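Here are my notes on the model you sent over. Have it open while you read, and skip to whichever point you need.

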Amino acid sequence: MSSTLIRGGLIVTALGRYEADVLAVDGKIVQIGAGLDVAADHVFDARGQYVIPGGVDPHAHMKITFKGVPSADDFTAATIAAAHGGTTTVFDFAFQEFGQPLPDAMAEWHAALAAAPPVTDVGAHLVIRDLTDPARVDELREIPAQGVTSFKLFMAYRNQFMVGDPAMWNTMKVAAETGAIVLVHAENGDAIDALISEALAGGNTAPPFHGTTRPIETEAEAVTRAVMFAELTGAKTYIVHTTCGPAIAPIVAAKMRGLPVYGETCPQYLLHDDSLLQGGDEGLKGIFSPPPRPAPAQDELWHALAGVGLDTIGTDHCAFPYTMRLERLEEDFSKVPNGVPGIEERLELIFDRGVRAGRLTLEQWVDLCCTTPARLMGLGGRKGVIEVGADADLVIWDPERTRTLSVATQKSNCDYNLYEGWQVTGTPSAVIAGGVPLVVDGALVDQPARGFLARGPAVEAAGV
Ligand code: URP
Ligand code: ZN
Ligand code: ZN
């Protein structure tokens, strides 16, 4: 039996804030109240600090190889990085090969997780690449009972991950039957491929052409199509890494029609613009998809987070080494594996640039980064909340401590940091996962082998 007591902090949840002590025993929150008179194995004095639920990152890539390049982070490295930033639950993607039976895809993912044990809980989304064989459709019906209640579809990256309409339709039908949620990478892959061919034929090989060949229209069209499929099939649908107002508009319209359609964005879209693709070779840091947009899109995203349209902030962490990406750029921008690291910095960036900048409330920060991702991924009441009976994943947040983000201090194995040299104020002073201290004052104090997090179906909030 192990116990942890956090005294005197300001508890911040999606619903409000109040001062209280929190007691965790054997991994669960067992008591919340003022002046708890109990002994515990670990006691933290949180006066002057916030106590928030552990972060939930609904979108990260730990086991991924893209364009032949493997990620620099495995489950161990990526979750250690996540934990340092206050994230205690992370979702990865299990990829089906073309034609591969789905149980085999899941078995391979579980083997990879076991080979590099994570220090946080890890949930899985199953990426569907081919679902036209009726045998595969039957297999998909069995997947939610295995604790994987979310499927992922890519509408771009032909010959890599992209699915056609029949597979999209079949996946959404099974999701509607089983209560699973469908995550969608919404970009029109064929239009983008045509634009890339035109750019390359004209000798345009540099990073800015990654942006111009993936224009806003290709994202907005795909979001619209995904939403229409969601409406026709009845599938709960979650659009990942949304970048701008025109891509959010169909989500808002769907919400107004009462559909269970949700939107995610990521720090790289809120905090960087398309100038990231400039600067010669350095511009490859902006090669992620969809690409960073012109600066006005940032305001559109912040407003949709504070108002209506966007529900969560994920990272889309994808740690492809700069050095390997640079080699690929020698050929042209389209050969560079897309992606950006960022699993560690999410809570700090959104606190500093969102809450401290007056764009979000403390409660919205917790909701977007912890509570709603948990709820939509089938972990409502268990993760992302501070309630008796919930998992004791808790972060003591020092709102005044400042640190500088850098590749030199980050925990990811990646060889660059997208926010190099940026100062952020507000950082975790202690991270407790499963009721046990995991990171204290920036040091990993335990290395538990946590693992696969099985989930039920998402519980929808009334009216969304
Ligand atoms: O460029 C990106 N986003 N890479 C990761 C894979 C994906 O599209 O989510
Ligand atoms: Zn994507
Ligand atoms: Zn992704």
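The points below go from the overall fold to the metal sites, then to the cysteines and a few backbone oddities.

1. **What kind of model this is.** Keep in mind that this is a predicted model. Every number below is computed from its atoms, so treat the distances and angles as properties of the prediction.

2. **Overall fold.** The protein has 13 helices and 21 strands. Its radius of gyration is 21 Å, close to the 23 Å that the globule rule gives for 464 residues, so the chain is as compact as a globular protein of that length. If you are setting up a box, the C-alpha atoms fill roughly 70 × 50 × 45 Å along the principal axes.

3. **Inside and outside.** Of the 464 residues, 61% count as buried. The accessible surface comes to about 15,700 Å², and carbon and sulfur atoms own 53% of that. As for contacts between residues at least 6 apart in sequence, 77% of them join residues at least 24 apart.

4. **Two zincs as a pair.** How far apart are the zinc ion (ligand 2) and the zinc ion (ligand 3)? They sit 3.8 Å from each other. The next two points take the zinc ions one at a time.

5. **Zinc ion (ligand 2).** His185 (ND1) and His241 (NE2) coordinate this ion at 2.0 to 2.1 Å. The pair links distant parts of the chain, being 56 residues apart: His185 is in strand β13 (residues 181–185), and His241 is in the loop between β14 (236–239) and α8 (245–256). Both side chains belong to buried residues: His185 has a relative accessible area of 1%, and His241 is at 2%. The angles among the four donor atoms run from 57 to 149 degrees, and the site is irregular. A tetrahedral call would need all angles between 85 and 135 degrees, so a spread of 57 to 149 degrees does not qualify. For reference, the ideal angle for four tetrahedral donors is 109.5 degrees.

6. **Zinc ion (ligand 3).** The protein donors here are His59 (NE2), His61 (NE2) and Asp316 (OD), lying 2.0 to 2.1 Å from the ion. Along the chain, the donors follow the spacing H-x1-H-x254-D. His61 and Asp316 link distant parts of the chain, 255 residues apart: His61 is in strand β7 (residues 60–61), while Asp316 is in the loop between β16 (312–313) and β17 (317–318). His61 counts as buried at 4% relative accessibility, and Asp316 is buried too, with a relative accessible area of 9%. The site has four donor atoms with angles of 85 to 135 degrees, and it is classed as irregular.

7. **Cysteines.** How many disulfides does the model have? The count comes to zero. A disulfide is a covalent bond between the sulfur atoms of two cysteines, and the cut-off used here is 2.5 Å between the sulfurs. The sulfur of Cys266 has its closest cysteine sulfur in Cys369, 11 Å away, so that is too far for a bond. For Cys414 the closest cysteine sulfur is in Cys318, at 9.3 Å, again too far for a bond. Cys266 is buried at 0% relative accessibility, and Cys414 is also buried, at 4%.

8. **A cis peptide.** Most residues other than glycine have a negative phi, and most peptide bonds are trans. The bond from Ser289 to Pro290 is cis, with omega near -10 degrees. Pro290 lies in the loop between α9 (267–271) and α10 (296–306).

9. **Positive phi values.** Lys67 has a positive phi of about 55 degrees although it is not a glycine. You will find Lys67 in the loop between β8 (65–66) and β9 (69–70), partly exposed at 21% relative accessibility. Tyr157 is another residue other than glycine with a positive phi, near 70 degrees. Where is Tyr157? Tyr157 lies in the loop between β12 (150–154) and α4 (165–178), and it counts as buried at 12% relative accessibility.

Conventions
Residues numbered from 1 in each chain as written. Chains lettered and ligands numbered in written order. Predicted model: local features only at pLDDT ≥ 70, side-chain atom pairs only at ≥ 80, totals over all residues. Heavy atoms only, no water. Donors = N, O, S within 2.8 Å, 3.2 Å for Na, K, Ca; no water. Tetrahedral: all angles 85-135°; square planar, octahedral: opposite > 155°, others 65-115°. Helix = DSSP H or I, 4+ residues; strand = E, 2+ residues; numbered from the N terminus. Buried < 20%, exposed > 50% of the residue type's maximum accessible area, 1.4 Å probe, protein only. Rg over C-alpha atoms; globule rule 2.2 N^0.38 Å. Contact = heavy atoms within 4.5 Å. Areas by Shrake-Rupley, 256 points an atom, 1.4 Å probe, with all protein chains shown as cover.
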